[in-house]
Amino acid sequence: SVYSMDRKEVIIGFVVLYLLVLCLVGGMQGVKGALGLIFTFGAILFIYLPVVYMGYSPFWTAVFICAITTAVTMYLIGGASEKTVCAVLGTISGVLIAGITATVFSRLSGITGWNVSDIESLLTLYETNDIQVGGLLFSGLLISTLGAVMDVAMSISSAMKEIYDQNHQITRMQLVKAGMRVGRDMMGTDSNTLILAFAGGSLNTLVFIFAYNYSYHQIINMYSIGIELMQGISASMGVILTVPFTSLAGAFFISGKASK
């Protein structure tokens, strides 16, 4: 019997093509980015999954994975510099804010990690391996938010470092304002990116709702809609608040000249 189509050549080929294009277009920075991507993927496969399978908290395991992958990726891209320190601190702050926002949303709305799809299969793992199924939803949110938050934090840190290198007389307050101006230009696009990403993942549900003409009260109280809103809003909140945290960290670490 034939189980499925053999896709390994196509999958491996496209992965290799992606890494090759990344390295060719990005040069040495592209190579470093590819190494960071490989490390992140390896950390999820060989650290996160085994630790969660052993029964540890998925949420705090995800926080640990986000911290080490952020540190390694930022070091590969920016080296050992003040810019890297600012980007790491801004990223970790944004990811934690996203997690805290999702937790508060969950407590107030009654939406938990036990309301997700495939819960029947996960309950089997819970009974046999004592996996903390309820935390998988929030740990997935942290990991999915990490990329956008890293992008914002590194972009702001790089811009602030460049501004300070061009003008060492700039004060810390002026540097904070410069970082905020750069971050504000990124808020809208990155927030839309996250919202659209989560919305795109629930298109099947949206089509189902439209086809059956659900009422407003049914739609607003559906678990699936609540989960998507929680993920989108929490992730966007993390991106938005990454801007002031990174700007303040940049003003402290990058600028050695205190404002009057």
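**Exercise 1. Phe252 and its partner**

Task: In this predicted model, decide whether Phe252 is buried or exposed, and describe the aromatic pair that Phe252 and Phe253 form.

Solution.
Step 1. The relative accessible area of Phe252 is 52%. Exposed means over 50%, so Phe252 is exposed.
Step 2. Phe253 has a relative accessibility of 34%. That value lies between the cut-offs of 20% and 50%, so Phe253 counts as partly exposed.
Step 3. A pair of aromatic rings is described by the distance of the centres and the angle of the planes. For Phe252 and Phe253 the centres are 5.1 Å apart and the planes make an angle of 85°. Rings pair if their centres lie within 6.5 Å, and an angle over 60 degrees counts as edge-to-face. Phe252 and Phe253 are therefore an edge-to-face pair.

**Exercise 2. Other aromatic rings**

Task: State how many aromatic pairs a search of the whole structure finds, and classify the pair of Phe59 and Trp60.

Solution.
Step 1. The search gives four aromatic pairs.
Step 2. In the pair of Phe59 and Trp60, the ring centres are 5.2 Å apart and the planes stand at 90°, so this pair is edge-to-face.
Step 3. Phe59 is buried, at 17% relative accessibility, whereas Trp60 is exposed, at 56%.
Step 4. Aromatic residues also group into a cluster, made up of Phe208, Tyr212 and Tyr214.

**Exercise 3. The setting of Thr84**

Task: Say in which helix Thr84 is found, whether Thr84 is buried or exposed, and what its side chain reaches.

Solution.
Step 1. Thr84 belongs to helix H3, which covers residues 82–109.
Step 2. The relative accessibility of Thr84 is 7%. Buried means under 20%, so Thr84 counts as buried.
Step 3. At 3.5 Å, the Thr84 side chain reaches the backbone oxygen of Gly78.
Step 4. With neighbours within four places in sequence set aside, the residues in contact with Thr84 are Met74, Tyr75, Gly78 and Gly79. Gly78 thus appears both in this list and as the residue whose backbone oxygen the side chain reaches.

**Exercise 4. A nonpolar surface patch**

Task: List the residues of the nonpolar patch on the surface, and find which helix gives the largest share.

Solution.
Step 1. The patch consists of Tyr216, Ile220, Leu229, Ile233, Met237, Ile240, Leu241 and Phe245. Together these residues have about 690 Å² of accessible area.
Step 2. Helix H8 (216–220) and helix H9 (223–253) are the elements that give two or more residues to the patch.
Step 3. The largest share comes from H9, with six residues.
Step 4. Take Ile233 as one of the patch residues. Ile233 has its place in helix H9, and with a relative accessible area of 39% Ile233 is partly exposed.

**Exercise 5. Salt bridges**

Task: Give the count of salt bridges, and work out which residues are linked in a network.

Solution.
Step 1. The count comes to three salt bridges.
Step 2. Asp6 and Lys8 form a salt bridge in which the closest N and O atoms are 2.7 Å apart. Asp6 is partly exposed at 47% relative accessible area, and Lys8 is partly exposed at 46%.
Step 3. Lys8 also meets Glu9 in a salt bridge, at 3.4 Å from N to O. Asp6, Lys8 and Glu9 are linked in a network of salt bridges.
Step 4. Lys161 and Asp165 form a salt bridge with an N to O distance of 3.0 Å. These two residues are four residues apart in helix H5 (residues 136–166), so about one helical turn separates them.
Step 5. Lys161 is partly exposed, at 23% relative accessibility, and Asp165 is partly exposed, at 35%.

**Exercise 6. The chain as a whole**

Task: Describe the helices and strands of the protein chain, its box and its surface.

Solution.
Step 1. The chain has nine helices and zero strands.
Step 2. Along the principal axes, its C-alpha atoms fill a box of roughly 65 × 45 × 35 Å.
Step 3. The chain has 260 residues, of which 38% count as buried.
Step 4. Among contacts with a separation of 6 or more, 75% join residues 24 or more positions apart.
Step 5. The accessible surface is about 14,900 Å², and 68% of this surface belongs to carbon and sulfur atoms.

Conventions: Residues numbered from 1 in each chain as written. Predicted model: local features only at pLDDT ≥ 70, side-chain atom pairs only at ≥ 80, totals over all residues. Heavy atoms only, no water. Phe/Tyr/Trp six-rings, centres within 6.5 Å; stacked < 30°, edge-to-face > 60°. Buried < 20%, exposed > 50% of the residue type's maximum accessible area, 1.4 Å probe, protein only. Polar contact = N/O pair within 3.5 Å; in protein donor to acceptor, adjacent residues only side chain to side chain. Contact = heavy atoms within 4.5 Å. Patch = residues over 30% accessible without salt bridge, like charges linked within 9 Å, V, L, I, M, F, W, Y side chains within 5 Å. Areas by Shrake-Rupley, 256 points an atom, 1.4 Å probe, with all protein chains shown as cover. Salt bridge = Lys/Arg side-chain N within 4 Å of Asp/Glu carboxyl O.
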